[in-house]
Amino acid sequence: MYAAPGNPGIARIGTCLPVDQAPNLEADLTVVGPEAPLVDGIVDSFRARGLAIVGPTRDAARLEGSKIFAKNFLIQRNIPTAAFLTVEDADAARKALDRFGFPVVLKADGLAAGKGVVIAHDRAAFEAALVTLKAPLLMEEFLRGEEVSFIALCDGRDVVPLPPTQDHKAVFDGDTGPNTGGMGAYCDSAILTEAQTRTILDRIIHPTVEATGFTGFLYAGLMMTAEGPQVLEFNVRLGDPETQPLMHRMASDFVPALQAAAHGELRGVRLDWRPEPSVCVVLASGGYPGAFAAGKPIRGIEAAEASDATVFHAGTRMGPQGIETSGGRVLGVTARGQTLASAIDGAYRAVREIHFDGMHYRRDIGRKGLERYNGKTAGT
Ligand code: AMP
C-alpha cells in the first residue's frame, strides 16, 4: 500500500511518496482522498489509462466543486434543499435580504475546506461576510434541525450506504465560534431510524446517483428538519472527521468493496459494522481555524493508543525531534464503546495522553447524541 503524500501515521502501514509520482505507480486500485484532484479530473485521466480508481469523474465532482452547480442540480431534480438565490455582488445580496431575513446563510461558490460559509444573525455579521466571502455568492434560507452526514459508496448505479455520522463544525463547545473543517464526529446507528435512512436513500442518494452516474463516495451533509431531510451540501469523497469513527466501526475488509465500486460491481456487496458507537475528537493547532504555527513536537501518541483508541494523523510531519504538527487539524483521536457515553469517555481518556504546544479541542464531541437518548430526536 502506498500513500501520496501520506504522513507519519499512514507511514506505519504503507510507503509514502510525492503526489506527482502516484500516476506512475500504476496501482491495481487507487482511492482518492481529497476533493481538489477529483475536481481537477484525476478519475477521468486514470480511467483513460485503464487504471481502477474510486472517485467521481470531473463532471460529477462539480457537486462539491461548485455550490451553485449543486444547488441548481438539487432544484432541477426536486431533491429537498433550502431555498436559495445566487447573487453576483454585495449590492445584489443587500437587495435580496428582504426575502430571507435573519439569520441568513451566505456561501462562496468554490472549494473552501468547510470555511466558505457564514451564518449571519444580524446586519453587522452580514456586512462583514460580504467583505470576506468572494462573489458570486449563494444566499440561503436558514434551516433548523440536527445535522447528519450520510455517506454512500457508489458504482454509477448501485450504492452501499455507510452508517450515519454527526460532525461538529464550529470550533468551540456548544457549536459556538467560526466554522472549521470539523472538530470531531461520532458514528452511531441510532442517529437515524430505518425510515429516515430509507427516505434519504429514496429522495436524495438514489436520484443523485441515477442522474450523474456517480462513482465513488457520495457524501450528503443533511439537515434533519421537521419536514424531513434536506441537503446542505454534497461532498464527493469520504468526509473528515467522519471517516475516522466510520473506520473504527467497520468490521468488513474494505478492499473488496472498493474494488467492486471501481469495477461497477457493487450490487449485492455489503459492509458489516461493529454495533458499538465510535467517537473521534480532533486535536487542533493553537489559533485554528485562524492563523496557527506549525512545527510543534507532539508527545503521547503511543500512550493514547495503549487502550483500544486509534490516533489518525492529519496535519503531522516528521521533524528533527520526531512527529510534529504541520496543519490546523493535527490528530483525530478515535475510540469505541459499548455505549456512546463510554465511547466518548474512551476517546477523551486517550486525548488526555497527548500534548503539543497550543493544542486545543472541543470537550463536547458526541454530547448531541447523548441528548438524543435523553428524549430529543433528530427531526422526522
Ligand atoms: P456547508 O459547507 O454548505 O455544509 O455549510 C457548512 C455548515 O454551515 C453546515 O454544516 C451547517 O452547519 C451550516 N449551514 C449551511 N447551510 C445551512 C442552512 N441552509 N441552514 C442552516 N445551517 C446551514
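This is a short tour of the ligand site and one pocket in a predicted model.

**Stop 1: the ligand**

Select the ligand, then show the residues around it. There are 16 residues in this shell. The closest are K107, E140, E141, L143 and E147. Colour the shell by class. Eight residues are nonpolar, one is polar and seven are charged.

**Stop 2: three contacts**

Begin with K107. A polar atom in the K107 side chain sits 2.8 Å from a ligand oxygen. Go on to E147. Here an N or O atom of the E147 side chain lies 2.4 Å from an oxygen atom of the ligand. Now pick L143, and show its backbone. A backbone N or O atom of L143 is 2.8 Å from a nitrogen atom of the ligand.

How much of the ligand's accessible area does the protein cover? On its own, the ligand has 460 Å² of accessible area, and the protein covers 95% of that.

**Stop 3: the strands around the ligand**

Switch to a cartoon view. Which elements give two or more residues to the shell around the ligand? They are strand 6 (104-108), strand 7 (117-120), strand 8 (137-141) and strand 16 (228-235).

**Stop 4: the second largest pocket**

Leave the ligand and select L162, P163, P164, S189 and W273. These residues are the closest to the centre of the second largest pocket. The pocket holds about 350 Å³ of space, and 16 residues line it. Colour this lining by class too. Eight of its residues are nonpolar, three are polar and five are charged.

Technical notes
Residues numbered from 1 in each chain as written. Predicted model: local features only at pLDDT ≥ 70, side-chain atom pairs only at ≥ 80, totals over all residues. Heavy atoms only, no water. 1 Å grid on protein atoms, 1.4 Å probe; cavity = no way out; pocket = protein on both sides within 12 Å on 5 of 7 lines; lining within 4 Å. Points joined across faces, edges and corners; volume = space filled by probe spheres on them. Nonpolar A, V, L, I, M, F, W, Y, C, P; charged D, E, K, R; others polar. Near = heavy atom within 4 Å. Polar contact = N/O pair within 3.5 Å; in protein donor to acceptor, adjacent residues only side chain to side chain. Areas by Shrake-Rupley, 256 points an atom, 1.4 Å probe, with all protein chains shown as cover. Helix = DSSP H or I, 4+ residues; strand = E, 2+ residues; numbered from the N terminus.
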